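This report looks at how some helices pack against one another and at how a metal ion is held. Please have the structure below at hand while reading.

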Amino acid sequence: MLGLFDSIRDDDPLLQYLLRAVEDAPSLTALVLATWQVARVLAVHLLETVLAERARQPTAWPPCPACGASLRSKGFAPRQMTSLVGLIRWQRRVGRCPQGCAIPQVAPLDEALGVQPHPRTSGEVQALGCALAVFVPFATAARLLGWYGGGAVSSRAVWCWVQAAGHQATTHLQADLDTVATGDVLPPEPLTAEVTALPLALGADGVMVPFRPKAGAPQGKIRWREITVGVLARLRQHRTRTGQVVTRLAQRRLVAVLGDIDARTPRLWLEALRQGIQSAPQVVWLSDGGRGLWRLFEERFARQTTGVLNFYHAAQQRWQAAAAWLDGRTPQARRWFAWARHRLRHGLPDGVLADLEDALAVEGMPTTARDTVMTVYAYLARHREHINYEVYKALGLPLGSGMVESACKWLIQQRFKGVGMRWSEDGFNHLVHLRLAWVNGRFEALFGVPLSPNQ
Ligand SMILES: [Zn+2]
């Protein structure tokens, strides 16, 4: 190939040195690492040879964007970039307007290669840096990248790449939101026939994240802000080896929104459209008692969706009622609670509500206990349509909102709530969009490069 190997061996002292290091490497690990260095130097030679060959081919000059005259070559100019295999350099023709228009110099070869005028690091290194930053703090991502990438990388550089890629992701998102808002059809994600036939579940919950008190100023008291995390997934029935039927999530997609109901509703609805809410055979909404989220449900989803109140959350509320009602008589309270929970679970919510009404009729109940029972009664009565657990269970619907809690843990807790972390609004949004792209299977599309060799 290109007569590469003979020429390199003779005229590159660096390679001679590296080849000797391979021969001298004592352990297998040292041998692999020394060989890796040789491979990188060969890769740089190959890249530079191909780029030099392409640069020699005739250039098709575009017209000047200002006056339309055909641009004229000003000769070859050097360009260099840090790539995954190390620093690469090439020469390419650059052109200017013959009429002297004040336009930046144009390098058609760079444009053909998809290289922007300013970056000093090539796309695959940036994509890898962003992928690492999805999981670990910026400084760690920079260090890991430096080990196997083209050399030392600053955490500031990784941070900048994340901002740029996250900004691009939010731009795509806004374009999709605009499409839906103007009534245009957004094509759903391609799904297999098997997945299309499964019920679709939606859930949402809020989680608090530490923010900077003021933009640009890390000092001062932390400001906690609520992030709404939404989960959308198809429910697949799976039979275990012991013959038990369990529900598993398929095609899980996450949404995270910093903002009020006006921001949350369209974002959840957009993802619901992508996940085929309009053709799914059945749609369920799972949530705990948070009022804002039920309002969102009523406003946007109630028409085609069955709402289910998180069973364990409802049961917890019952415990409080029992404790208040029986006021310290613990064994009795526990028995009543177990019985009420059982009745709730097996589809007798009216019986449980009737119990609470009875409790309210008891003479001489302390005011605090009465208030608690009233609160629980109002809560369950408000959600009367969302606690038909027996029906839901027969349909194979999950009764807890564990799918939302685990999503909150992975998406938010794990990366945004480390020791000493506090975020700016943009900093949070850009990184969370990269994490969403990752978990939703859209990361490589965002960078336009296949990072995995199997693709
Ligand atoms: Zn011009």
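In this predicted model, helix 7 (residues 155-181) packs against helix 17 at an angle of about 75 degrees, and their axes are 8 Å apart. Angles of 65 to 115 degrees count as roughly perpendicular, and helix 7 and helix 17 are therefore roughly perpendicular to each other. Helix 7 contributes Val162, Gln163, Ala165, Gly166, His167, Ala169, Thr170 and Leu173 to the contact, while helix 17 contributes Asp426, Gly427, His430, Leu431, His433 and Leu434. Sorted by class, the residues of this contact are 6 nonpolar, 7 polar and 1 charged.

Helix 17 (residues 425-439) also packs against helix 16 (residues 402-416), at an angle of about 135 degrees and with the axes 11 Å apart. That angle makes helix 16 oblique to helix 17. The crossing of these two helices is right-handed. On the side of helix 16 the contact is made by Trp410, Leu411, Ile412, Gln414, Arg415 and Phe416, and on the side of helix 17 by Phe428, Leu431, Val432, Arg435, Leu436 and Val439. Of the residues in the contact of helix 16 with helix 17, 9 are nonpolar, 1 is polar and 2 are charged.

A further pair is formed by helix 2 (residues 13-24) and helix 3 (residues 28-56), whose axes come within 8 Å and cross at roughly 160 degrees. Angles over 145 degrees count as roughly antiparallel, so helix 2 and helix 3 are roughly antiparallel to each other. Their crossing is left-handed. Leu14, Leu15, Leu18, Leu19, Ala21 and Val22 of helix 2 meet Leu31, Ala34, Thr35, Gln37, Val38, Val41 and Leu42 of helix 3. This contact of helix 2 with helix 3 has 11 nonpolar and 2 polar residues, and no charged ones.

The table sets out the three contacts by residue class.

| Helix pair | Nonpolar | Polar | Charged |
|---|---|---|---|
| Helix 7 and helix 17 | 6 residues | 7 residues | 1 residue |
| Helix 16 and helix 17 | 9 residues | 1 residue | 2 residues |
| Helix 2 and helix 3 | 11 residues | 2 residues | no residues |

Which residues coordinate the zinc ion? They are Cys64, Cys67, Cys97 and Cys101, each through its SG atom, at 2.2 to 2.4 Å. In sequence, these donor residues follow the spacing C-x2-C-x29-C-x3-C. The 4 donor atoms subtend angles of 103 to 114 degrees around the zinc ion, so the arrangement is tetrahedral. For four tetrahedral donors, the ideal angle at a metal is 109.5 degrees.

Definitions and conventions:
Residues are numbered from 1 along each chain as its sequence is written. This is a predicted model: local features need pLDDT of at least 70, side-chain atom pairs count only at pLDDT 80 or more; totals for chains, interfaces and linings use all residues. Side-chain values use heavy atoms; hydrogens and water are left out. Axes are lines fitted to C-alpha atoms, for helices over the stretch in contact, and angles run from 0 to 180 degrees between N-to-C directions. Helices (H or I, at least four residues) and strands (E, at least two) are DSSP runs, numbered from the N terminus. Angles under 35 degrees count as roughly parallel, over 145 as roughly antiparallel, 65 to 115 as roughly perpendicular and the rest as oblique. A crossing is left-handed if the near helix is turned anticlockwise from the far one by less than a right angle, and right-handed if clockwise. Contact means heavy atoms within 4.5 Å. Ala, Val, Leu, Ile, Met, Phe, Trp, Tyr, Cys and Pro count as nonpolar, Asp, Glu, Lys and Arg as charged, and the others, Gly among them, as polar. Donors are N, O and S atoms within 2.8 Å of the metal (3.2 Å for Na, K and Ca); water is not among the atoms, so sites may look incomplete. Four donors count as tetrahedral if all angles lie between 85 and 135 degrees; four count as square planar and six as octahedral if opposite donors are over 155 degrees apart and all others between 65 and 115; anything else is irregular.
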